[in-house]
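Open the model in your viewer and keep the sequence panel beside it. The stops below say what to select and what you will find there.

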Amino acid sequence: MPRPTLLNTGRRRFLIGAGALAATAAIPNALFAYTGGASRLVVVILRGALDGLAAVPPYGDPDYASLHRELAIAAPGSPDGALALNNTFGLHPSLTFLHERFAAGELVVFDAVASPYRDRSHFDGQNVLENGLTKPVGTADGWLNRALAALPRGAGRPGHSAVAISQNVPLILRGEAAVISKSPQVTPDVDEDLLARLADLYSKDDWFSARLSEALQTEKMVDGAAVDTAADSSAMSKESLKAAYPNRVGAVARMASELMRSDGGPEIAVIEASGWDTHANQGGAKGILATRLAGLDQGLKSLADGLGPLWAQSAVLVVTEFGRTAAVNGTRGTDHGTGGCAFLLGGAVRGGQVIADWPGLRRTALLDNRDLKPTLDLRSVFKTVLDEHMHVDANTLAKRVFPDSSGARPLQGLIRA
Amino acid sequence: MSQIKGPVPLAVNSPLAPSDQIFAGLMNARDERQKMKQSSAADGADAKVVFNAIREAYQPHYRAQVLARAQSAALTTRPFAERLVHFWANHFAVSADKGVVYGLAGTLENEAIRPHVAGRFIDLLTAVEQHPAMIAFLDNQYSVGKDSMAAARVASRFRGADTGQPKRQFGINENLAREILELHTLGVNGGYSQADVTSFAQIITGWSIGGGKGRLAGGVPGRFYFRDNLHEPGPKVFLGKTYTEQGQRQGEAVLADLARRPETANFIATKLVRHFIADDPPPAAVDRVARAFLKSGGDLPQVYAALIESPESWDANARKFKTPEDFVFSTLRALNVSPAGPEEVIRTFDLLGQRQYTPGSPAGWPDTSKSWDGSDALMHRVLWASRVGAKYESGVEPADLAAASLGAYARPETLTAVRRAASSGQAVALLLMSPEFQRR
């Protein structure tokens, strides 16, 4: 059966392509909204603080090599050198898929970027990254859940709209809008009689009742996804997921893409990857961090491959809680810092750009004499993506999704019109 | 209250190796493999050598520790004390998914926490921060003062010589210092600055692990060892106070002061109340526990007494959704069974998403219901409960089990569902998945 979402998208593009703008305008917006909206958004949270100066080496900065020393990535063209983005910045040599997407105009690289958080605790830093406030406490819900609640949609759109690819829901997606969770672990079917009896047992407990019904809906979605992808020779059945993707990022990415492709599947997904807290023996072009980055890169490729036809209308945000020290520490690693990098990737992205108001790495330019100084607020990126890609209205973004964010002005032109 | 006096050893006689032996085993396995690699002239693959050495030397210990932990939780006659051990192990979390910690994670709990869980906080704190698992987890073993003897020697050797190679830069690693302040004592809002973190990191340079070769040889392999030649000499200012102690004593003096601070009392009290009473800790209970901490000079039995005596502890509405660990251990106790081998324990916790000793971060596992209440997580619990029911259905009288394990919390509909179940296995599964068993 054709997917209504895709069919409508295709028709819409065709109409625009044919110059029949009047015809497009005549189709009520609600029709698109009812079919689920075209846009898909995946947020990838890198927990532990990725070293932006390794992932996006500023090889053209005169102070880079002397500060980052044995962890620095050499200029493009040298052995194990960076993959060039422009005259100043490159990508870590492990990030081959990202580099290919940059060349294809599907990747925006942000540098010297940070959330409003300015201390150096992972846990508070992740709270601020996810709660959308300027401080680590003050709300129990996440900005993506508040955005989800504000998504324009027609009445009667079936099913849930956001999924966390894990057993439990991370802060960024917690809140009033209902979300589901689904880990990439394979769960063999549970006896239906037991489930029916549990549904009965939970009938007087709202909380358990809601969780069980979400879980059952998710299972249905997964079953649907498995059936759909069975017809697709490149796709895996859900039983073979774990074996085929030993790399965890790959496994969660694949699960995200399968769910998003299923009928009535979520348009928003959150993926988490840890292991970025490289205090010791971080390595340069090879080593611990290089291996992690290669895993991330291949995971993002799995996501793109898995989304298949949906890739054209997808945007993937890759973010971390903060950057790391500009200088190597005493144990061939880096300590907690401030400014770092972020990526925006996808078929819907107007890519091929590096967005960085580069402050430089001179000692006097560093924050607290140690960290890359942030010149761009991550919330500016989030707001722009939610506005241009997910069509959340600007007023809601400024007031409800990101309160106290007037200093974080939206950018422009991150998403293809 | 008799539960919270004295050390809390494992409730089972398990032949667990001590941390120094396990760590020395790792070093030997690594050396052996390095030698094999050199003799076979294979190149590259250093990471693989280390990985294989870790697996070979560590895996049996990890498995034995995980099994002993579950058996102890199942069989202990001091369940509250055992829960306190788990609380502190999570407060002072190390994570076995970092290679060097894999075989040592359980030893921190057994060697540093169990002896001091009902002692003084300062003794617990010192034992933990000087345990090789913590030193290795937070990378302090080679954190080097820039004016230390080791740094001076290297500087003089390289003076004037340009080898074209990047020189090894000696300096501190601030990981352990930061997490002691943020996660173990003052808490993130405890009033310290980046300068305090840096200074404290200087103060504990030299806190390391014995063993090593050549110039690094020293101490008993695998035990805490103060390496004077890595230590940044001289007095240092931390939180406005100048510490003039020499060597290892300087860091211990800081720990002693940290253990007395009201911020620490408040932070520990908040975490205890969150764990044992409610996700949003009632301020009155936190205040009562913090005051007991300060008044007693961190005497932990008096702190626990204040916790238990808090009326909020007995509020029937303030029940928390169990973590997978709580769920598994309370199931073992309800069924009066103890796991026979490590495989079933490891498979269980992998399924439920809380692989033992792998919180991943030094902050430990999250301790609020929202972190564990995903719909996917619930389905995994259902699956496990049905397997447990099938496994243990013979020899169980479900109605008695329900009465014994739920007591006054049993709801009529749960008792009815258990009575009407299609099999005893299904009855057990329904009981374990009932809202009242899932909360504590």
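Which residues of helix 14 of chain A are buried? The model is predicted, and this helix is the opening stop. Select residues 378–389 of chain A, which form helix 14. Its buried residues are Leu378(A), Arg379(A), Ser380(A), Val381(A), Phe382(A), Lys383(A), Thr384(A), Val385(A), Leu386(A), Glu388(A) and His389(A). That makes eleven of twelve residues, so the helix is mostly covered, given that a residue is buried if 20 or more other C-beta atoms lie within 10 Å of its own. From its first C-alpha to its last, helix 14 of chain A reaches 16 Å, close to the 16 Å expected at 1.5 Å a residue. Now move past the end of the helix to His391(A), which follows it and has a positive phi, near 60 degrees.

**Strand 7 of chain A**

Select residues 268–274 of chain A, which form strand 7. Is this strand largely enclosed or largely open? Five of its seven residues are buried, so strand 7 is largely enclosed by the rest of the structure.

Add strand 1, residues 40–47 of chain A, to the selection. Strand 1 and strand 7 of chain A run parallel and are joined by seven bridges. Look for Val44(A), which stands opposite Ile271(A) of strand 7.

Then add strand 5, residues 162–164 of chain A. Strand 5 also runs parallel to strand 7 of chain A, with three bridges between them. Here Ala164(A) has Val270(A) of strand 7 as its bridge partner. While the strands are on screen, show their side chains. In a regular strand, side chains alternate between the two faces of the sheet.

**Where chain A meets chain B**

Show both chains. In this contact, 45 residues of chain A meet 43 residues of chain B. On the chain A side, the elements that give two or more residues are helix 7 (122–131), strand 6 (180–181), helix 9 (192–201) and helix 10 (206–230). Colour that side by residue class, and it divides into 15 nonpolar, 14 polar and 16 charged residues.

**Chain B as a whole**

Hide chain A. Chain B contains 20 helices and four strands. Its C-alpha atoms fill a box of roughly 85 × 60 × 35 Å along the principal axes. Why does its radius of gyration of 24 Å agree with a compact globule? Because a compact globule of 440 residues would have a value near 22 Å. Of the 440 residues, 49% count as buried.

**The domains of chain B**

Colour chain B by domain: domain 1 is 2–134, domain 2 is 138–277 + 280–318, and domain 3 is 324–438. The centres of domain 1 and domain 2 of chain B are 20 Å apart, taken over C-alpha atoms. Their contact takes 25 residues from domain 1 and 22 residues from domain 2. On the domain 1 side, helix 1 (19–40), helix 3 (79–91), helix 5 (121–129) and helix 6 (132–137) of chain B each supply at least two residues. Helix 1 of chain B gives the largest share, six residues. By class, this side of domain 1 has 14 nonpolar, seven polar and four charged residues.

**A last residue**

Select Asp315(B), in the loop between helix 13 (300–309) and helix 14 (324–335) of chain B. Asp315(B) counts as partly exposed because it has 13 C-beta neighbours inside 10 Å. Draw a distance from its C-alpha to that of Ile277(B): the two residues are 38 apart in sequence and 8.5 Å apart in space.

Definitions and conventions
Residues are numbered from 1 along each chain as its sequence is written. Chains are lettered from A and ligands numbered from 1 in the order in which they are written. This is a predicted model: local features need pLDDT of at least 70, side-chain atom pairs count only at pLDDT 80 or more; totals for chains, interfaces and linings use all residues. Two residues are in contact if their C-beta atoms, placed from the backbone, lie within 7 Å. Ala, Val, Leu, Ile, Met, Phe, Trp, Tyr, Cys and Pro count as nonpolar, Asp, Glu, Lys and Arg as charged, and the others, Gly among them, as polar. The expected span of a helix is 1.5 Å times one less than its number of residues. The radius of gyration is taken over C-alpha atoms; the globule rule is 2.2 Å times the number of residues to the power 0.38. Two strands pair if DSSP finds at least two bridges between them. Domain bounds come from an automatic or database domain assignment.
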